[in-house]
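Good morning, everyone, and thank you for making room for me in today's meeting. Please have a look at the structure on the screen before I begin, and keep it in view while I talk.

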Amino acid sequence: MKKIEALIRPSVFDKVKKALTEIGVHGMNYMEIRGFGRQGGHTEVYRASVKKVDFLPKVRIEIVCSDAQVEQILEAIVTAARTGNVGDGKIFVSDVCEAIRIRTGERGDEAI
């Protein structure tokens, strides 16, 4: 099993969610976060004052899936989230040692 964490622009969240649903992803979590990468944020001018915005809004999606689904999920996220501009985001994939469905006690792939 793998855990996929994708940090994407809020503006592409609905597109990514739709792409994941279309390939059969049955469950995911998301949260609205703020962060910065290499671009280090940007500056904005408001009422003649310049303000540095260090942390930009992002959406973090978490999906736990079987090993067989990983490449298909990654391709769906990249295709839906890519704008070609700095700040498109990142995806991290890590191993999951165990999953347990609390309601039934199922373990492993059956739990997801």
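I will go from the overall layout to the sheet, then to the helices and the core, and finally to a few single residues.

Please keep in mind throughout that what we are looking at is a predicted model. The protein contains two helices and six strands, and if we walk along the chain from the N terminus, the elements follow one another in the order β-α-β-β-β-β-α-β.

Let me turn to the sheet. Four strands form an open sheet in the order E2-E5-E1-E6, and their pairing is antiparallel. Which strands stand at the edges of this sheet? They are strand E2, residues 29-35, and strand E6, residues 89-95, and because each of them has a single partner strand, one side of each is left without a neighbour in the sheet. Going from one strand to the next, the twist averages 20°. For those who are new to this, strands of a sheet pair through backbone hydrogen bonds, and they can do so in a parallel or an antiparallel way. Here, strand E1, which covers residues 2-8, pairs with E6 in the antiparallel sense, over seven bridges; to pick out one residue of this region, glutamate 5 has phenylalanine 92 in E6 as its bridge partner.

Next come the helices. Helix H1, residues 13-22, lies across E1, E2 and strand E5 (56-65), and its direction is at about 10° to that of E5. Helix H2, residues 70-81, lies across E1, E5 and E6, and runs at about 5° to E1.

This brings me to the interior. In soluble globular proteins, nonpolar side chains tend to be buried together. In our protein, the largest nonpolar core has 20 residues, and the ones with the most contacts inside it are Ile4, Ile8, Val16, Leu20, Ile61, Ile63 and Ile73. E1, H1, E5 and H2 each supply at least two residues of this core, and the element that gives the most is H2, with seven residues. If we take isoleucine 8 and leave aside residues up to four places away in sequence, we find that it touches Phe13, Val16, Lys58, Val59, Ile61, Ala81 and Asp88.

What about the protein as a whole? Of its 112 residues, 31% count as buried, and its accessible surface comes to about 7,800 Å², with 51% of that belonging to carbon and sulfur atoms. The radius of gyration is 17 Å, whereas a compact globule of 112 residues would have one near 13 Å, and along the principal axes the C-alpha trace spans about 60 × 25 × 20 Å.

Finally, let us consider two single residues. Is lysine 18 buried or exposed? This residue lies in helix H1, and it counts as exposed because its relative accessibility is 53%, where the cut-off for exposed is over 50%. Its C-alpha atom is separated by 14 Å from that of isoleucine 8, and the two residues are ten residues apart along the chain. Glycine 37, in turn, is found in the loop between E2 and strand E3 (42-46), and with a relative accessibility of 35% it counts as partly exposed. Between the C-alpha atoms of glycine 37 and glutamate 5, which are 32 residues apart along the chain, the separation is 16 Å.

Methods
Residues numbered from 1 in each chain as written. Predicted model: local features only at pLDDT ≥ 70, side-chain atom pairs only at ≥ 80, totals over all residues. Heavy atoms only, no water. Pairing = 2+ DSSP bridges. Axes fitted to C-alpha atoms, helices over the stretch in contact; angles between N-to-C directions. Contact = heavy atoms within 4.5 Å. Rg over C-alpha atoms; globule rule 2.2 N^0.38 Å. Buried < 20%, exposed > 50% of the residue type's maximum accessible area, 1.4 Å probe, protein only. Areas by Shrake-Rupley, 256 points an atom, 1.4 Å probe, with all protein chains shown as cover. Core = buried A, V, L, I, M, F, W, Y, C linked by side-chain atoms within 4.5 Å.
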